[in-house]
Amino acid sequence: MKNLIFLLLLISSLSAHPQKRPNIIVFLVDDMGWQDCSLPFWDKPTPQNQIYHTPNMERLAKEGMKFTNAYAAPVCTPSRSSMLSGMNAAHHRITNWTSPYKNTNTDNKDEQMEAAPWMINGLSPVPDIEKTTYATTFPELLRESGYYTIHVGKGHWASRGTPGANPHQMGFMVNIAGHAGGHPQSYLAEDNYGNITGKAQPQAVPDLEEYFGTDTFLTEALTKEAIRALDAPIRNKQPFYLNMAHYAVHLPYMADKRFIQKYFDAGLDSTEAIYAALIEGMDKSLGDIMDFLKKKKVDKNTIIIFMSDNGGLSLAPPRGGKPQTQNFPLKAGKGSVYEGGIREPMIVKWPGVVKPNTVAKQYLIIEDFFPTILQLAGIKNYKTVQTIDGRSFVPILKNSDYTDTSRVLIWHFPNKWTGKDGPGINYFSAIRMGRWKLVYDMRNGKNELYDLTKDIGETENLVSQYPQKVKQLSKILSDSLRKWKSPMPSFKNSGKQVPWPDEL
Ligand code: CA
């Protein structure tokens, strides 16, 4: 009898709390810079913070924790592959963006350098696919443990004709608009998002036929689809993972009519007005999803992680203003190993655990999402085919003062992303440990050393003042690159591979 009463109590307690495991949403923006919002991520507001309107990012930060030292890789596919595999880009060796076309190296031609042997077809959930890296993805592990997994928006993990191009193969039960493409052919439903009869476009956005010919901007259509996809798991009380990966705010810059006028009225040039409206459309999507969770009464059991996949584009044109100034006080932008290319706006809301309106200064990187999300889902002792480089940031979520200055972060870009070199763009590696950052220039073998606590803009090279620090960081960086067999370019004139940083 006692056992029966216990059992009945247990059943009633389970039905009162039918779902204990939290829902998890990663809200991933494409190409958004660290300063492209009204929420300041530096220790003081900047003129850029005055330009943008992102009230929902402000709201999320009030309800959660803002990370001021969050990092990703300098461009799309390396970051997205790091997130899904938990591996550093120098380790998975998908160091540049993947072409929608298989076996196509997106590196620009260079007079000095022969291309590095990087994994040009991207990430693969299946072994033995040529020029890919085989890995177990965390959405697959979530799905296996009972999560309802949804991908909405940009995928861009691999080239067409390989398994990694298909979100269903990467562990997602639902896929809306994700494929090999790295940007939308068009943001406009009037253009059918680039699906033009007789004009096959590898970047035409799939799956959104019902919006064709309407005035639904792509960001809005994806938000509506995400909300629709969330209905089933919420109704069935099944924990869900939503990978809300917006195409915004990547090129091509197209005006979101809902928001553009106020930026014209504020006197921005046409490109920057369009860019600011893309940002505000993305922010509205965040707000709509937060409102929906609240309406469905699942907001208190849903963790939201806001992130961008690389730094803001700072080539001008296509951006307005002076080149490489758009991420000030950070140096450079997308494609660069300087802070402007890799430091990201990141916010985490975890109701009941993360203290609202807190700020974490501990640095972390996008491969950390893998072990963190699995820990948030309560999944332990999982098996992966790859070795995970990321570390869980749950200890930071539980204590915003958490500090580990011995943590090492690495960036490796042995590729030619733009035709013309920019600051930290094309053939660079970098390492951060504590306050120190070392930048290695493969073209000339030179190192630069910065103290990020005093010099976030990387303006004062301290190499000659701290030779021991240079030696130490150079050795750690080189040991990692050697261990991972990281791709390196070679010099055309000698045929020799670029030396590891500590060989000089
Ligand atoms: Ca990107």
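**Close-up 1. Tyr71 and its partner across the strand pair β2 and β10.** In this predicted model, Tyr71 stands opposite Arg343, a residue of strand β10. The two strands concerned, β2 (residues 65-71) and β10, run antiparallel and are joined by five bridges.

**Close-up 2. Ile304 and the pairing of β9 with β10.** Strand β9 (residues 302-308) is likewise antiparallel to β10, and three bridges join the two. Within this view, Ile304 is the residue that stands opposite Lys349 of β10.

**Close-up 3. The covering of strand β10.** Strand β10 spans residues 343-349 and is mostly covered, with seven of its seven residues buried. In a regular strand, side chains alternate between the two faces of the sheet. For β10 both faces are covered, since the buried residues comprise Arg343, Pro345, Ile347 and Lys349 on one side, and Glu344, Met346 and Val348 on the other.

**Close-up 4. Lys262 in helix α8 and its surroundings.** Lys262 belongs to helix α8, which covers residues 260-265, and has a relative accessible area of 36%, so that this residue is classed as partly exposed rather than buried, the latter requiring a value under 20%. When neighbours within four places in sequence are left aside, Lys262 is in contact with His53 and Glu280. With Glu280, the side chain of Lys262 forms a polar contact of 2.8 Å. The view may also take in Ala273, which lies 11 residues from Lys262 along the chain and whose C-alpha atom is separated from that of Lys262 by 8.3 Å.

Key:
Residues are numbered from 1 along each chain as its sequence is written. This is a predicted model: local features need pLDDT of at least 70, side-chain atom pairs count only at pLDDT 80 or more; totals for chains, interfaces and linings use all residues. Side-chain values use heavy atoms; hydrogens and water are left out. Helices (H or I, at least four residues) and strands (E, at least two) are DSSP runs, numbered from the N terminus. Buried means under 20% relative accessible area, exposed over 50%, partly exposed in between (1.4 Å probe, protein chains only). Contact means heavy atoms within 4.5 Å. A polar contact is a pair of N or O atoms within 3.5 Å; within protein, one must be able to donate a hydrogen and the other to accept it, and residues adjacent in sequence count only if both atoms are side-chain atoms. Two strands pair if DSSP finds at least two bridges between them.
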